[in-house]
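Work through the exercises below with the model open in your viewer. Each one gives a task, then a solution in steps.

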Amino acid sequence: MAAAELDRIDREILRLLMQDAARSLAEIAQEVGLTPTPCWKRIKRMEEAGVITGRVALVDATAVGLPISVFVSVETGDHSADWIARFAAAVESLPEIVECWRLGGDVDYLLRVVVPDMAGYDAFYRRFVAAVPSLRKVTGRFAMERVKSTTALPI
């Protein structure tokens, strides 16, 4: 489904779901001016098209004992298919990595890692570098304050 195929009502449904996915179907339908059945059909169509990729509960990391966010930049000298597969497997196997982005420019990858404390980061770091060969440079930058965080896209 292309962005052009999303009409005003689809976009409003998405905005409401991004604000609170636990909202009832009846509430969403009323807010967008539909009855529940056509509203549900729109939601299902957007799920089937991959526009809506899931519904989750957002959890406060500090409340569950993971108050430290570290942004880890990774540079490698190896860009072979085997290395990329091994790197991807390592990233998947380390639950502290909650995001991984491949970048253009002087840094190859950027990871967002959540840990309970410095000892937790050190333990993560040791497992990470042991699992991934040919790392040229790994740099951790510790977040001091979250200024903005949202999962809602500006649609």
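A pocket here is an open set of grid points with protein on both sides within 12 Å along at least five of seven lines. The model is a predicted one.

**Exercise 1. Describe the largest pocket by volume, lining and class.**

Step 1: volume. The largest pocket has about 790 Å³.

Step 2: lining. Its wall is made by 23 residues. Nearest the centre are V59, A61, R112, R146 and S149.

Step 3: secondary structure. Three strands each give at least two lining residues: β1 (68–76), β2 (97–102) and β3 (109–115).

Step 4: class. Sort the lining and you get 13 nonpolar, five polar and five charged residues.

**Exercise 2. Do the same for the second largest pocket.**

Step 1: volume. Expect about 640 Å³.

Step 2: lining. Here 21 residues form the wall. L17, M18, T53, G54 and T151 lie nearest the centre.

Step 3: class. The lining splits into 13 nonpolar, five polar and three charged residues.

**Exercise 3. Which residue forms a salt bridge with D10, and is D10 buried or exposed?**

Step 1: the count. The structure holds ten salt bridges.

Step 2: the partner. R45 pairs with D10, with the closest N and O atoms 2.8 Å apart.

Step 3: position in the chain. This pair links distant parts of the chain. R45 sits in helix α3 (residues 36–48) and D10 in helix α1 (residues 8–19), 35 residues apart.

Step 4: accessibility. Buried means under 20% relative accessible area. D10 has 1%, so D10 is buried. R45 has 33%, so R45 is partly exposed.

Step 5: the wider network. Salt bridges link D7, D10, R42 and R45.

**Exercise 4. Which residues form salt bridges with E47?**

Step 1: the bridge to K44. The side chains of K44 and E47 meet at 3.4 Å, N to O.

Step 2: the spacing. K44 and E47 are three residues apart in helix α3, so about one helical turn separates them.

Step 3: the bridge to R55. R55 also forms a salt bridge with E47, and the closest N and O atoms are 2.7 Å apart.

Step 4: accessibility. E47 is partly exposed at 24%. K44 is partly exposed at 31%. R55, at 41%, is partly exposed.

**Exercise 5. How are the rings of W83 and Y109 arranged?**

Step 1: the count. There are eight aromatic pairs.

Step 2: the geometry. Planes under 30 degrees apart count as stacked, over 60 as edge-to-face and the rest as tilted. The W83 and Y109 ring centres are 6.0 Å apart and the planes meet at 40 degrees, so this pair is tilted.

Step 3: position in the chain. W83 belongs to helix α4 (residues 81–93) and Y109 to strand β3, 26 residues apart. The pair links distant parts of the chain.

Step 4: accessibility. Both W83 and Y109 are buried.

**Exercise 6. Classify the pair of Y121 and Y125, then place the pair in its cluster.**

Step 1: the geometry. The centres of Y121 and Y125 are 6.3 Å apart and the planes are at 40 degrees, which makes a tilted pair.

Step 2: the spacing. Y121 and Y125 are four residues apart in helix α5 (residues 118–131), so about one helical turn lies between them.

Step 3: accessibility. Y121 is buried at 9%. Y125 is partly exposed at 31%.

Step 4: the cluster. Ring pairs join W83, F87, Y109, Y121, F124, Y125, F128 and F142.

Terms used
Residues numbered from 1 in each chain as written. Predicted model: local features only at pLDDT ≥ 70, side-chain atom pairs only at ≥ 80, totals over all residues. Heavy atoms only, no water. 1 Å grid on protein atoms, 1.4 Å probe; cavity = no way out; pocket = protein on both sides within 12 Å on 5 of 7 lines; lining within 4 Å. Points joined across faces, edges and corners; volume = space filled by probe spheres on them. Nonpolar A, V, L, I, M, F, W, Y, C, P; charged D, E, K, R; others polar. Salt bridge = Lys/Arg side-chain N within 4 Å of Asp/Glu carboxyl O. Buried < 20%, exposed > 50% of the residue type's maximum accessible area, 1.4 Å probe, protein only. Phe/Tyr/Trp six-rings, centres within 6.5 Å; stacked < 30°, edge-to-face > 60°.
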